[in-house]
Amino acid sequence: MASAAVKPLLGYTILYVTDVDKAAAFYAAAFGYAVRRLDQSHKWAELESGATTIAFTPLHQRETDGLSGQVQLPDAAGARGPVEICFIYEDVDAAYRRAVENGAVPVSAPEEKPWGQKSGFVRDMDGNVVRIGSHVRE
């Protein structure tokens with residue numbers, strides 16, 4: 001068993017976006033989160049999302065591009081990045097409608113999945129895939 005000193009805690013999920021302000025406002029309206037912090041530099045925003053922070057930062061910034069590499073976007077219209085974000089709701093259908101009414105691009109409407117989850121998919125303005133789902137039933 002790991003000691004408390006080396007036990008991991010997921011701190012951030014960071015989305016790289018073209019416009020930090022617009023992304024924060026979109027996620028607040030479409031998915032029901034409150035904006036916790038919007039940095040005056042417009043290079044960082046955070047949503048109030050519980051134990052793990054959802055954050056936004058520009059696609060390219062000199063502070064990180066040279067250290068960890070530049071963000072690469074999918075090069076085909078229907079392509080997707082290697083990560084998706086999933087938000088859990090009690091009423092998946094209502095959450096999906098809210099997201100689409102607030103500018104999310106519909107990908108697939110919510111449906112019951114064989115693994116015991118109801119989920120649907122949308123894309124944000126930067127093409128990031130967002131799953132809107134229920135908890136998986138055991």
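**Sheet, core and hairpins of the predicted model**

Strands β5 and β8 (residues 129-133) pair in the parallel sense, and four bridges link them. The structure described here is a predicted model. Within the β5-β8 pair, cysteine 86 has arginine 131 of β8 as its bridge partner. The two strands belong to an open sheet of four strands, arranged in the order β5-β8-β7-β6 and with mixed pairing. The edges of this sheet are formed by β5 (85-88) and β6 (105-112), each of which pairs on one side only. Direction ignored, neighbouring strands of the sheet are turned by 20 degrees against each other on average.

Two helices lie across strands of this sheet. Helix α1 (residues 20-31) lies across β5, β7 (118-123) and β8, and runs at about 20 degrees to β8. Helix α3 (residues 92-101) lies across β6, β7 and β8, and runs at about 175 degrees to β6.

Helix α1 was examined along its length. With twelve residues at 1.5 Å a residue, α1 should span 16 Å, and the distance of 16 Å between its end C-alpha atoms agrees with this expectation. At the start of the helix, a side-chain oxygen of aspartate 19 comes to within 3.1 Å of the backbone nitrogen of aspartate 21. Just after the helix, glycine 32 adopts a positive phi of about 85 degrees. The buried residues of α1 are Val20, Ala23, Ala24, Phe26, Tyr27, Ala28, Ala30 and Phe31.

In soluble globular proteins, nonpolar side chains tend to be buried together. In the present model, the largest nonpolar core contains 24 residues, and those with the most contacts inside it are Tyr27, Phe31, Phe56, Phe87, Val130 and Ile132. Two or more residues of this core come from each of β1 (12-17), α1, β3 (45-48), β4 (53-58), β5, α3 and β8. The most is given by α1, which contributes seven residues. The surroundings of tyrosine 27 may be listed in detail: residues up to four places away in sequence not counted, tyrosine 27 touches Leu15, Gly32, Tyr33, Leu47, Phe56, Phe87, Asp124, Asn128 and Val130.

Outside the four-stranded sheet, two hairpins were identified. Strands β2 and β3 pair in the antiparallel sense over four bridges, and arginine 37 has glutamate 46 in β3 as its bridge partner. Six residues separate the two strands of this hairpin. Histidine 42 is placed in the loop between β2 (34-38) and β3. Most residues other than glycine have a negative phi, and most peptide bonds are trans. Histidine 42, although not a glycine, has a positive phi of about 65 degrees. With a relative accessible area of 45%, histidine 42 is partly exposed, as this value falls between the limits of 20% for buried and 50% for exposed residues.

The second hairpin is formed by β3 and β4, with four residues between them; glycine 50 in its turn has a positive phi of about 95 degrees. The pairing of β3 and β4 is antiparallel and comprises three bridges. In this pair, leucine 47 stands opposite isoleucine 54 of β4.

Arginine 131 and tryptophan 115 were considered together, as they touch each other. Arginine 131 lies in strand β8. Its relative accessible area is 16%, and arginine 131 is therefore buried, the limit being under 20%. Not counting residues up to four places away in sequence, arginine 131 touches Glu84, Ile85, Cys86, Phe87, Trp115, Gln117, Ser119, Gly120 and Phe121. One of these, glutamine 117, makes a polar contact of 3.1 Å with arginine 131 through the side chains of both residues.

Tryptophan 115 is found in the loop between β6 and β7. This residue is partly exposed, with a relative accessible area of 45%. The side chain of tryptophan 115 is joined to that of glutamine 117 by a polar contact of 3.2 Å. Under the exclusion of residues up to four places away in sequence, tryptophan 115 touches Arg131, Val136 and Arg137. The C-alpha atom of tryptophan 115 is separated by 31 Å from that of alanine 34, the two residues being 81 residues apart along the chain.

Terms used
Residues are numbered from 1 along each chain as its sequence is written. This is a predicted model: local features need pLDDT of at least 70, side-chain atom pairs count only at pLDDT 80 or more; totals for chains, interfaces and linings use all residues. Side-chain values use heavy atoms; hydrogens and water are left out. Two strands pair if DSSP finds at least two bridges between them. Axes are lines fitted to C-alpha atoms, for helices over the stretch in contact, and angles run from 0 to 180 degrees between N-to-C directions. Contact means heavy atoms within 4.5 Å. A nonpolar core is a set of buried Ala, Val, Leu, Ile, Met, Phe, Trp, Tyr and Cys residues joined through side-chain atoms within 4.5 Å. Buried means under 20% relative accessible area, exposed over 50%, partly exposed in between (1.4 Å probe, protein chains only). The expected span of a helix is 1.5 Å times one less than its number of residues. A polar contact is a pair of N or O atoms within 3.5 Å; within protein, one must be able to donate a hydrogen and the other to accept it, and residues adjacent in sequence count only if both atoms are side-chain atoms.
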